[in-house]
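Colleague: Could you walk me through one part of this model in some detail? I'd like to see how a single piece sits among its neighbours.

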Amino acid sequence: MAVFPWHSRNRNYKAEFASCRLEAVPLEFGDYHPLKPITVTESKTKKVNRKGSTSSTSSSSSSSVVDPLSSVLDGTDPLSMFAATADPVALAAATDSSRRKRDRDDNSVVGSDFEPWANKRGEILARYTTTEKLSINLFMGSEKGKAGPATLAMSEKVRTRLEELDDFEEGSQKELLNLTQQDYMNRIEELNQSLKDAWASDQKVKALKIVIQCSKLLSDTSVIQFYPSKFVLITDILDTFGKLVYERIFSMCVDNRSVLPDHFSPENANDTAKETCLNWFFKIASIRELIPRFYVEASILKCNKFLSKTGISECLPRLTCMIRGIGDPLVSVYARAYLCRVGMEVAPHLKETLNKNFFDFLLTFKQIHGDTVQNQLVVQGVELPSYLPLYPPAMDWIFQCISYHAPEVTLQCDTHLLYGNSPCTLCLFMLMGPLHNSYSKVSASQPL
């Protein structure tokens, strides 16, 4: 077999490269090219009345092809023409109608068969009265930080607000003594009006101070027979604060062209609204005392809708656990009632949290026989038969929330009492017969 020597083939790379190149075609400047920039110059604009449309003529200095996006600039695109022909009065009416519908939907999360809190508050105020003298702590406003927003830099405003909160936490308040029940109610109403005035004048820190101060009053049981009525008065202020904060954040998500849908998601909220919402939660988290921190956060529970779809379902169990840190059983049961109330307004389907509040109360109810409660009753000269009727307003509300549209097995289970199995909610409520019978009546709308 013959063997031939191997030699590399000589190649002309320049010639091969030239033969593989695409043929270059000269482009005249007058020809159209897809990558050629288009310059649009506005030559004439004609405006007509409201019912007409705004039109303009434009010419291209470099091409006869019209850019389809340039019509947005002169108002000849279909959306701009539709907006120009729309009646502003009708648009405003549609916006108001949408807002009213949203408010109705928010207020009708539960049906008409659920007795609202407004029906109960009047009965509580009329039933739980006192002739003893009451006291209240009123915040004495500091004069620092009164400068307008235009005269302070952002860092100075933040520092001033933090100093104001620290000044309030350190006790810049005045205690008013020897108040009658009517005087006490007038003072609370003054605080409620002060909250609205502070908010209207853009003094958000002062508004927060008022709410913190009022929440602290719920830890005072010095006149224990008046506590249910005090709870009603203070929670009115908390409700006002929660509504103001929610409406402020909601307004940040609305511009002149659109409104949020009835059941919006966190994706519909802009970054400014979310940042403001987080700022409120961070401020509340820095409150040192447990009771005001719990009540103020619970009052703006609805604002979690701007941050996360699961925010409310995550906050309710955490707030329920926070109540376990309240030592007084009377104070804790009304805190549970308030949490159930705000929970029913925003998430009535979360029955697990409602049940947990009920069972937590049953576990702590034995504290009424402890030394702390007994000594308190001795000091105030209150007998146990007069002390027990203070609980049913809160328990009545909690049980109404649990029983609303609850499964039948949750409400009707006779075998639990007979055979000693794990009791259902109704069985445990029946076991509390002496406590429940001390109350005048059960809510007529309560579906047992």
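To set the scene, what percentage of the contacts in the protein chain with a separation of 6 or more comes from residues 24 or more positions apart? After that, please take a close look at helix H15: which of its residues are buried, and what covers them?

Modeller: Happy to. This is a predicted model, in which local features need pLDDT of at least 70 and side-chain atom pairs count only at pLDDT 80 or more, while totals for chains, interfaces and linings use all residues. Residues are numbered from 1 along each chain as its sequence is written, and side-chain values use heavy atoms, with hydrogens and water left out.

On your opening question, residues 24 or more positions apart supply 73% of those contacts in the protein chain, a contact being heavy atoms within 4.5 Å. The protein chain has 21 helices and four strands; these are DSSP runs numbered from the N terminus, helices being H or I over at least four residues and strands E over at least two. Of the 448 residues in the protein chain, 40% are buried. Here buried is under 20% relative accessible area, exposed is over 50%, and partly exposed is in between, with a 1.4 Å probe and protein chains only.

Now to H15, which spans residues 371-380 and buries Val373, Gln376, Leu377 and Gln380. Seen down the helix axis, these buried residues fall within an arc of 95 degrees, so they line one face of H15; the arc is taken from the directions from the axis to the C-beta atoms. An α-helix has 3.6 residues a turn, so residues three or four places apart point the same way. Asp371, Val378 and Val379 are exposed on the other side of H15. The cover over the buried residues includes helix H13 (329-346) and helix H16 (384-387). Just after H15 comes Gly381, with a positive phi of about 70 degrees.

H13 is worth following further. Its axis lies 10 Å from that of helix H14 (residues 351-364), and the two pack at an angle of about 175 degrees. That makes H13 roughly antiparallel to H14. The axes are lines fitted to C-alpha atoms, for helices over the stretch in contact, with angles from 0 to 180 degrees between N-to-C directions; under 35 degrees counts as roughly parallel, over 145 as roughly antiparallel, 65 to 115 as roughly perpendicular and the rest as oblique. From H13, Pro329, Val333, Arg336, Leu339, Cys340 and Met344 meet Leu354, Asn357, Asp360, Phe361 and Thr364 of H14. Seven of the residues in this contact are nonpolar, two polar and two charged, where Ala, Val, Leu, Ile, Met, Phe, Trp, Tyr, Cys and Pro count as nonpolar, Asp, Glu, Lys and Arg as charged, and the others, Gly among them, as polar.

Ser332 also lies in H13 and is buried, at a relative accessible area of 3%. Leaving aside residues up to four places away in sequence, Ser332 touches Ile323 and Ile326.

H13 helps to cover helix H11 too, along with helix H8 (204-216), helix H9 (227-252), helix H10 (271-285) and helix H12 (311-323), among what covers the buried residues there. H11 (residues 290-299) is mostly covered, with eight of its ten residues buried, including Phe294, Tyr295 and Glu297.
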